[in-house]
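Open the model in your viewer and keep the sequence panel beside it. The stops below tell you what to select and what to look for there.

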Amino acid sequence: MQAFLTISIGVILPIFILIFSGVLLQKKFTLDLYTLAKINIYYFVPGITFVKLYEANFTIDLLLDVLLFFTIFMVLLFILAEMMNRILHHKKGMRTAFSNSILFYNSVNYGVPVNDLAFVHDPYAMTIQILILVLQNVLTFSFRIISVQSVKKSAVKALLGILRLPFSMLFF
């Protein structure tokens, strides 16, 4: 019970305070969410990724372990999503949206702060989180975009759209 209270108060509550603060700011000032999303995608995510990768201290063994875990995890999530899509008889557009909602989670905005709060500034835990963040973003800015855009475009046109994103400059 003590661990539950510690996690609830020390990890989950601060996240909900941030969410509640965002709701209040939106109600008071009517924020331009398009601009905030662009700032997040073009500046904050690449910035935190670069800084945290620079600060990370990891071995090739850790990288391979995280890559293996991530691959197995994503394959299992994909299988689960496909099974649910078939059970629910989703059409193509809904299948893509449903699968993406299961496969791609917010490993930056929530993952990094929760990791930092849960593991109390543990550099090893943060290194693993950052590796997951990078792998997740590579998939998000490649497979996810291709899958969403291929509902209405060809995969080649979707791939060309990826190359215009700032995060792709880290990998191409």
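**Stop 1: Leu 25 and the end of H1**

Select Leu 25, which sits in helix H1. This is a predicted model, so read every value as computed from it. Leu 25 is partly exposed, because its relative accessible area is 41%. Now show its contacts, ignoring neighbours within four places in sequence. Two residues light up: Leu 25 is in contact with Thr 30 and Leu 31.

Move to Thr 30. It lies in the loop between helix H1 (2–29) and H2. Check its backbone: phi of Thr 30 is near 45°, a positive value in a residue other than glycine. Is Thr 30 buried or exposed? Thr 30 is exposed, with 61% relative accessible area.

Stay in this loop and select Asp 32, which is also found between H1 and H2. Asp 32 is partly exposed, at a relative accessible area of 44%. Display its side chain. A polar contact of 2.4 Å links the side chain of Asp 32 to the side chain of Thr 35.

**Stop 2: the whole chain**

Zoom out and colour by secondary structure. How many helices and strands does the protein have? There are seven helices and zero strands. Read from the N terminus, the elements run α-α-α-α-α-α-α.

Switch to a surface view. Of the 172 residues of the protein, 28% count as buried. Then turn to contacts between residues at least 6 apart in sequence. Of these, 68% join residues at least 24 apart.

**Stop 3: Asn 57 and a long-range pair**

Select Asn 57. It lies in the loop between helix H2 (33–55) and H3. With 69% relative accessibility, Asn 57 counts as exposed. Add Thr 127 to the selection and draw a line between the C-alpha atoms. Asn 57 and Thr 127 are 6.9 Å apart in space, C-alpha to C-alpha, with their positions 70 residues apart in sequence.

**Stop 4: Gln 129 in H6**

Next, select Gln 129. This residue belongs to helix H6 (residues 123–149). Its relative accessibility is 14%, so Gln 129 counts as buried. What is Gln 129 in contact with, leaving aside its neighbours within four places in sequence? The partners are Ser 107, Gly 111, Val 112 and Asn 115.

An α-helix has 3.6 residues a turn, so residues three or four places apart point the same way. Keep that in mind at the next stops.

**Stop 5: H3 against H4**

Show helix H3 (residues 60–88) and helix H4 (residues 92–103). Where their axes come together, they are within 9 Å and cross at roughly 145°. The crossing of H3 past H4 is right-handed.

Now select the residues that make the contact:

- On H3: Met 74, Leu 77, Phe 78, Ala 81, Glu 82, Met 84, Asn 85 and Arg 86.
- On H4: Met 94, Arg 95, Phe 98, Ser 99, Ile 102 and Leu 103.

Colour them by class. The contact of H3 with H4 has nine nonpolar, two polar and three charged residues.

Between the two helices, select His 89, which lies in the loop joining H3 and H4. Look at its backbone too. Phi of His 89 is near 55°, a positive value in a residue other than glycine. His 89 is exposed, with a relative accessible area of 68%.

**Stop 6: H4 on its own**

Hide everything but H4. Pick its end C-alpha atoms: they are 16 Å apart. Why does that agree with the length of the helix? At 1.5 Å a residue, the twelve residues of H4 should span 16 Å.

Which residues of H4 are buried? They are Thr 96, Phe 98, Ser 99, Asn 100 and Leu 103.

**Stop 7: Glu 82**

Bring H3 back and finish at Glu 82, whose place is in that helix. Is this charged residue buried or exposed? Glu 82 counts as buried because its relative accessibility is 19%, and the cut-off is under 20%.

Display its contacts beyond four places in sequence. Glu 82 is in contact with Arg 95 and Ser 99. Then show the side chains of Glu 82 and Arg 95. A polar contact of 2.9 Å joins them.

Technical notes: Residues numbered from 1 in each chain as written. Predicted model: local features only at pLDDT ≥ 70, side-chain atom pairs only at ≥ 80, totals over all residues. Heavy atoms only, no water. Helix = DSSP H or I, 4+ residues; strand = E, 2+ residues; numbered from the N terminus. Buried < 20%, exposed > 50% of the residue type's maximum accessible area, 1.4 Å probe, protein only. Polar contact = N/O pair within 3.5 Å; in protein donor to acceptor, adjacent residues only side chain to side chain. Contact = heavy atoms within 4.5 Å. Axes fitted to C-alpha atoms, helices over the stretch in contact; angles between N-to-C directions. Left-handed = near helix turned anticlockwise from the far one by under 90°. Nonpolar A, V, L, I, M, F, W, Y, C, P; charged D, E, K, R; others polar. Expected span 1.5 Å × (residues − 1).
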